[in-house]
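Colleague: Could you take me through one part of this predicted model up close, slowly enough for a first-year student? I'd like to start with one residue and then see what surrounds it.

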Amino acid sequence: MAVAHPTGICGGIMPALRTGFAALTAAVLMGATTVAVQTSVTAAEAAPAPARGIAHLNTVVDLPPGVWTDTPLEVTLPRAGTHELDANVRGRLAGVPPVNTFITARLWDVTSGTAVAESERLVYQVIDLNPGNAQAGGNATAPISELIRVNKPTTIRLQGTRTDAVGTALVAQIYDDNAGHTSLRFDRVGP
């Protein structure tokens with residue numbers, strides 16, 4: 001009975017298996033390396049636009065009678081969607097009787113050139129029809145809260161107007177200082 005020598009079998013089959021296994025391992029490793037290189041080259045996603053923001057007036061704006069006056073207070077809604085708009089508007093008025101004068105504020109859509117619907121608010125009014133010449137006046141802060149839907153980035157600005165129904169205001173301002181601030185805030189709440 002003849003017995004085959006183990007080195008004869010190993011000498012023929014084993015080196016072929018080792019070579020095939022080595023080639024298969026190299027192919028798998030190269031494929032894994034290629035995938036790793038491809039995934040590490042992908043670009044990072046752009047950061048999303050902020051969903052909310054707030055700005056402050058930081059100055060005093062004198063209001064002439066009978067015209068809507070722009071203030072420098074504005075925010076930019078960075079993308080399309082439904083936004084809540086909230087403002088706190090501080091006004092100051094003074095006049096000598098007889099006087100009936102008031103400040104109204106509103107939000108203005110700079111992008112479309114139109115007022116934000118129903119955003120007008122009476123900020124402050126001085127009525128003193130008594131005889132005499134003692135100055136009457138004061139200040140107050142009025143809130144504005146509205147919901148707006150925009151189709152593209154949109155700039156919203158605060159405007160004010162003064163109305164002299166009787167007499168003339170000596171002081172009519174929308175202002176901002178450490179005793180009270182005028183601000184405009186937005187928050188994106190939906191598509």
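Modeller: Let's start with arginine 157, which is buried, since its relative accessible area is 17% and the cut-off for buried is under 20%. Keep in mind that you're looking at a predicted model.

What does arginine 157 pair up with? One partner is aspartate 70: the two side chains meet in a salt bridge, 3.1 Å from N to O. Aspartate 70 sits in strand 3 and arginine 157 in strand 9, so this pair ties together parts of the chain that are 87 residues apart in sequence. Unlike its buried partner, aspartate 70 is partly exposed, with a relative accessible area of 40%.

Arginine 157 also forms a salt bridge with glutamate 74, and here the closest N and O atoms are 2.9 Å apart. Glutamate 74 belongs to strand 3 too, so this pair again ties strand 3 to strand 9, joining parts 83 residues apart in sequence. With a relative accessible area of 33%, glutamate 74 counts as partly exposed. So picture a buried arginine reaching aspartate 70 and glutamate 74.

Stay on strand 3 for a moment and find threonine 69, which is also in that strand. Is threonine 69 buried or exposed? At 15% relative accessibility, threonine 69 counts as buried. Its C-alpha atom is 5.3 Å from that of glycine 160, although the two residues are 91 apart along the chain. Leaving out residues up to four places away in sequence, threonine 69 touches Leu158, Gln159 and Gly160, and also Val61, Asp62, Leu63 and Pro64.

Now go to the other end of strand 3, where leucine 77 is one of the residues to look at in the largest nonpolar core. That core has 30 residues, and those touching the most other members are Leu77, Leu85, Val89, Leu107, Ile156 and Leu158. Strands 3, 4, 5, 7, 8, 9, 10 and 11 each give two or more residues to this core. Which strand gives the most? That's strand 8, with five residues. As for leucine 77, its contacts include Leu85, Ile148, Val150, Ile156 and Phe186, again not counting residues up to four places away in sequence.

The salt bridges around arginine 157 aren't the whole story, as the structure holds eight in total. Another one joins the side chains of aspartate 86 and arginine 185, at 2.1 Å from N to O. This pair links distant parts of the chain as well: aspartate 86 is in strand 4 and arginine 185 in strand 11, 99 residues apart. Arginine 185 is partly exposed, with a relative accessible area of 27%. If you follow the links outward, you'll find Arg52, Asp86, Arg185 and Asp187 connected in a network of salt bridges.

Let's zoom out a bit. The protein has one helix and 11 strands, and the helix comes before the strands when you read along the sequence. Of its 191 residues, 34% count as buried. Those long-range pairs fit a wider pattern: among contacts between residues at least 6 apart in sequence, 80% join residues at least 24 apart.

What about the outside? The accessible surface comes to about 11,100 Å², and 60% of it belongs to carbon and sulfur atoms. Ile127, Leu129 and Val166 form a nonpolar patch on that surface, with about 270 Å² of accessible area together. Isoleucine 127, in strand 7, counts as exposed at 53% relative accessibility.

Finally, have a look at the backbone in a few loops. Most residues other than glycine have a negative phi, and most peptide bonds are trans. Against that background, asparagine 58 has a positive phi of about 60° although it isn't a glycine. You'll find asparagine 58 in the loop between strand 1 and strand 2, where it is exposed, with a relative accessible area of 61%. Glutamate 118 has a positive phi of about 60° as well, and its place is in the loop between strand 6 and strand 7. At 66% relative accessibility, glutamate 118 counts as exposed. Then there's a cis peptide bond between proline 97 and proline 98, with omega about -5°. Proline 98 is found in the loop between strand 4 and strand 5.

Notes:
Residues are numbered from 1 along each chain as its sequence is written. This is a predicted model: local features need pLDDT of at least 70, side-chain atom pairs count only at pLDDT 80 or more; totals for chains, interfaces and linings use all residues. Side-chain values use heavy atoms; hydrogens and water are left out. A nonpolar core is a set of buried Ala, Val, Leu, Ile, Met, Phe, Trp, Tyr and Cys residues joined through side-chain atoms within 4.5 Å. Buried means under 20% relative accessible area, exposed over 50%, partly exposed in between (1.4 Å probe, protein chains only). Helices (H or I, at least four residues) and strands (E, at least two) are DSSP runs, numbered from the N terminus. Contact means heavy atoms within 4.5 Å. A salt bridge is a side-chain nitrogen of Lys or Arg within 4 Å of a carboxyl oxygen of Asp or Glu. Accessible areas come from the Shrake-Rupley method with a 1.4 Å probe; for residues, only the protein chains shown count as cover. Patches are made of residues with over 30% relative accessible area and no salt bridge: like charges are joined within 9 Å, nonpolar side chains (Val, Leu, Ile, Met, Phe, Trp, Tyr) within 5 Å.
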